[in-house]
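Work through the exercises below with the sequence and the model at hand. Each task is followed by a solution in steps.

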Amino acid sequence: MERIKSNGKGHVNSSYDPALDEPPVYEETNFSNDGHRAIRPSVISAFGHNTLDRVPNIDFYRNAGSVSGQRAVRPSLQELHDVFQKNGAIDVPETVEDDGEGSDGTPSDDLESAVLPDNGAIKFGWIRGVLVRCMLNIWGVMLFIRLSWVFGQAGWGLGIVVICLSCVVTTITGLSMSAICTNGVVRGGGAYYLISRSLGPEFGGSIGLIFAFANAVAVAMYVVGFAETVVDLLKEYATLMVDEINDIRIIGCITVVLLLGISVAGMEWEAKAQVVLLVILLVAIVNVFVGTAIPATEDKRSKGFFSYHTANIFRENFSPVFRDGETFFSVFAIFFPAATGILAGANISGDLRDPQGAIPKGTLLAILITGVTYLGVALCVSATVVRDATGNSSDLIVPGVPCNGSAVSACELGYNFSSCETQACKFGLMNNFQVMTMASGFGPLIIAGTFSATLSSALASLVSAPKVFQALCKDNIYKALHFFAKGHGKNNEPIRGYVLTFIISVAFILIGNLNTIAPIISNFFLASYALINFSCFHASYAKSPGWRPAYKYYNMWLSLMGALLCCVVMFVINWWAALLTYGIEILLYIYVTVKKPDVNWGSSTQAVTFVSAVSNALSLSGVEDHVKNFRPQILALTGSARTRPALLDLAHSITKNYGLCLTCEVFVGQRSETLQEMNAGMEKNQMWLNKTKRKVFYTAVACDEFREGAENMLQASGLGRMKPNTLMIGFKRNWRTAGADEVQSYVGVLHDAFDFEFGMVMLRMNQGLDVSHLVQAEEEMLKAAQEQQALDNELIPNGGKAKGLFRKSRNPSQQVLTTRVSVCGPPPPQIARMNEKLMEASGQFKKKQPKGTIDVWWLFDDGGLTLLLPYILTTRKKWKDCKLRIFIAGQTERSELDRDEMKSLLQKFRIKCSDINVIDDIHIKPRAESLKKLDDMIEPFRLHESSEESYQAEALQKETPWKITDTELSSFEEKTHLQVRLNELLQEHSKSANLIVVSMPIARKESISDFLYMAWLDVLTKDLPPTLLIRGNHKSVLTFYS
């Protein structure tokens, strides 16, 4: 049986037959927010015995909230692995809960299956949904108006190159799109969906917005093209309504309103309209082929059309004759927009029955059919129409009058168009845009075909723009646009998007300069093609195991070439429009990157980042360490990421973005008890670090003892050369009240760090570092508030707007918070003040530091780490107002010499400091009151064996081996007094410093007891500003060589 969802309703798991279930009885265990969850019964599976295991099934792989079927949740590893307790509760962790994967915190509605529930929605196959739309969009007015001019300028030799090059770009893009859309289920959104799910929301969000806008403006372009054709007819019959410009606006607005009505009526009506327009277009195309085979009339001959009477026309039209400053690239730029219609089918991917199969098949076949059609029509016209003609039927061959010029072949057929060399002619391939009408069998059909081409393209763009925009808004990348995500009706039609597209279209029809806008729109489409190609290349290059497209006829390098070709073509069409497109896309990319939408689509960008990280780590492992490239890589024992913020912030200030920093937590206890807590906290802590912009990794281990866990961290953390080399730990303030085992474990970690040749950094702050009790209290209050809100929602289901009886029912819900607070109780005033000071101190290193000093007491040469770390801090923005002051130990008679030597050394290291102080009285015995404080501190931990008999002393030492013996105290008296004296000097010279850095004393193993060592550290750092005890591993980390 399936686990009960939060709404109390279960669902059937189709991965097994419930009729075969005869499970033992289990108790229910508390789980998730609703307080209970049914324990899974075992089932008799295909293996013939009772088992909780399930056979593989598609329901386990669906996204949460899938519209194609409910997601089933397989048994967790804990359920299968934990100790089996029949008739008892199984403790199942929360990590096996069904998780939402939507971009806005809600479950996503990704389709996982082509078989959808029958809710009456209209779904199209590959012919009506993709093939027809793509062909109608590619067959534009170019076919009837400009194609003859292109072949007149470029000749049919280069004309074929123009068409083939355009088809190469679109075919490569089609292959890349086929690979992407067969690598998983495709939702609505077309190009936006493909790019965003492949390259991520940054690229998808930027291109999605400009692609939707381009489609909206394209509606205006196509409608104006239609309106201009109608106005030309009105001019021909002298029936203009107002004037030419205003007539175009009037006819354009009326046309957009009619197209909007068809679109809003539903996809079925729009598809029927497309089929009617396709029939008209096909008849017009056939009309051209038939017309070229009909013998030419005398009028057509005078206008340059001679049918297939001689091959010389075809031969003459082979070579290019560029005029009026045109070049191959300018002619190509004029033709290429005719090929930009291959996304018409993909843009309605949400309305296709099987987008994975329909998009590749329909798009590639449309490219083939339209490419062949363009070539066929162009070659037929090139074989039957000369470049220049006068249109005057009296321009015949006259004996004695030379016949030459661009239409030599016309001379063989009895016509002399030589006058076109000296004066402009109105007919022929080069001069007449209505060549197709003249060459066709029935002229009005070409006009109908022109109408069909413009209206079909406008209708396709009018549908595409809202669909793409709706998908973009649903993903909530631009939160201000979420209003347009709502759909209506059984097909989830984006009515709001239709209205917005209508407004944009009408605006550009009324006020837009479409001759200026046209190249920008073409570049917007080409930018989409480039990113589709790059998406395919990027996903292939990443070699992610998740990249498994069913369509195999693609090549990653071909896709990369396609992307580069698209970028080149953008500049060929219009260089400033290309730069403008790139500029807009970069700005939108930066905006989305800064906003960081809460989505995770498993993009190839993530895969390439992983591959690059592994590659760089492997490259780094082959490089030997060099002192010039040394950087501190810190392993900070902070506990939970939020437990010791001051320690974490200081470690982060040192490493920043330039070094490795690990914040580590050791879970102490039985592994069965600590594993669940550790696993649950891993992602939670890392997310908190990311959210608070701390460039730190979180890691944790579960061990029986703290020292064992820390030892594991020290040995196993890191990767290759990216391994920690410095341990950072907080000072143990409660060492005098903690048990002997706890202190021994703490000091043992310090010994282990030195054994593994780690540098050591210890931070002490008077207020302490641990704020875990405050974090816990905050979480408790937050949980209480959530419970109260949940109760309020139950008692007032309509969001708090109830009246009368329901309004009064809010009061009982206050008992949750009241009970919680009464159990915890407010802290006493003194504790509250301490907590306030602790919280203030814990955020000290997160703020910008005031002007002051960092006092460095570099007493022992440890390789330079004691000097390097404070220098690194002064290079950070928060610490830039702090100056270094260096304190060194010296002798009275050579203080100046010691200062000069240190000054020279610092100059060679290129480290600036504001002052160098030589302490020449460090050897003086500490004051009596200071020694008294030390004696009081260690008194509870002394053995006092000298006052006992020898046998009693031995017995005491065996019983409490951790105590400080009189022999030990006597042997290390000078070193003990040194720590006391140092504290006196620190109080005298560095009491006002922002941060004190002191060389850390080392305790020799098995010579100095743990409690005496802790007393040294305590008395050395007592009652001081924030203090860092540092000891390097005695290997140089500074050098003055270049």
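**Exercise 1.** State in which helix Ser263 is placed, whether Ser263 is buried or exposed, and which residues distant in sequence are in contact with Ser263.

*Solution.* The model is predicted. Step 1: Ser263 belongs to helix 7, which covers residues 244-265. Step 2: the relative accessible area of Ser263 is 1%. Buried means under 20%, so Ser263 is buried. Step 3: with neighbours within four places in sequence set aside, the contacts of Ser263 are Leu459, Leu462, Val463 and Tyr498.

**Exercise 2.** Describe the salt bridge between Lys467 and Glu493, and give the burial of both partners.

*Solution.* Step 1: the N to O distance between the side chains of Lys467 and Glu493 is 3.5 Å. A salt bridge requires the nitrogen to be within 4 Å of the carboxyl oxygen, so the pair qualifies as a salt bridge. Step 2: Lys467 sits in helix 15 (residues 443-474), while Glu493 sits in the loop between helix 15 and helix 16 (495-511), so the bridge ties together parts 26 residues apart in sequence. Step 3: Lys467 has a relative accessible area of 7% and is buried; Glu493, at 6%, is buried too.

**Exercise 3.** Assign Asp299 and Lys303 to a burial class, and give the N to O distance of their salt bridge.

*Solution.* Step 1: the closest N and O atoms of Asp299 and Lys303 are 3.5 Å apart. Step 2: the relative accessibility of Asp299 is 43%, so Asp299 is partly exposed. Step 3: Lys303 has a relative accessible area of 22% and is likewise partly exposed. The structure holds 23 salt bridges.

**Exercise 4.** Locate the partners of the salt bridge between Asp921 and Arg981, and name the network that contains them.

*Solution.* Step 1: the closest N and O atoms of Asp921 and Arg981 are 3.1 Å apart. Step 2: Asp921 is in the loop between strand 10 (915-919) and helix 31 (928-938), and Arg981 is in helix 34 (residues 973-989), so this salt bridge ties together parts 60 residues apart in sequence. Step 3: Asp921 is partly exposed at 24% relative accessibility, whereas Arg981 is buried at 9%. Step 4: through shared partners, salt bridges join Asp921, Arg927, Glu929, Arg981 and Glu984 into one network.

**Exercise 5.** Give the strand order of the ten-stranded sheet, and state which helices lie across strand 5.

*Solution.* Step 1: the open sheet has the order 5-4-3-6-7-12-11-8-9-10, with mixed pairing. Step 2: strand 5 (697-703) and strand 10 are the edge strands, each paired on one side only. Step 3: from one strand to the next, the twist averages 20°. Step 4: strand 3 (residues 634-637) pairs with strand 6 (residues 726-730) in the parallel sense over four bridges; Met728 in strand 6 is the bridge partner of Ala636. Step 5: helix 22 (residues 671-691) lies across strand 4 (661-668) and strand 5, at about 170° to strand 5. Helix 23 (residues 706-716) lies across strand 3, strand 4, strand 5 and strand 6, at about 135° to strand 5.

**Exercise 6.** Compare the expected span of helix 18 with the distance between its end C-alpha atoms, and find where its buried residues lie.

*Solution.* Step 1: helix 18 (residues 556-573) has 18 residues; at 1.5 Å a residue it should span 26 Å, and the end C-alpha atoms are 26 Å apart, which agrees. Step 2: buried in helix 18 are Met556, Ser559, Gly562, Ala563, Cys566, Val569, Met570 and Ile573. Step 3: these residues cover an arc of only 140° around the axis, so they are on the same side of helix 18. Step 4: the face turned away from the buried side carries the exposed residues Trp557 and Leu564.

Note on methods:
Residues are numbered from 1 along each chain as its sequence is written. This is a predicted model: local features need pLDDT of at least 70, side-chain atom pairs count only at pLDDT 80 or more; totals for chains, interfaces and linings use all residues. Side-chain values use heavy atoms; hydrogens and water are left out. Buried means under 20% relative accessible area, exposed over 50%, partly exposed in between (1.4 Å probe, protein chains only). Helices (H or I, at least four residues) and strands (E, at least two) are DSSP runs, numbered from the N terminus. Contact means heavy atoms within 4.5 Å. Two strands pair if DSSP finds at least two bridges between them. Axes are lines fitted to C-alpha atoms, for helices over the stretch in contact, and angles run from 0 to 180 degrees between N-to-C directions. The expected span of a helix is 1.5 Å times one less than its number of residues. The arc is that of the directions from the helix axis to the C-beta atoms.
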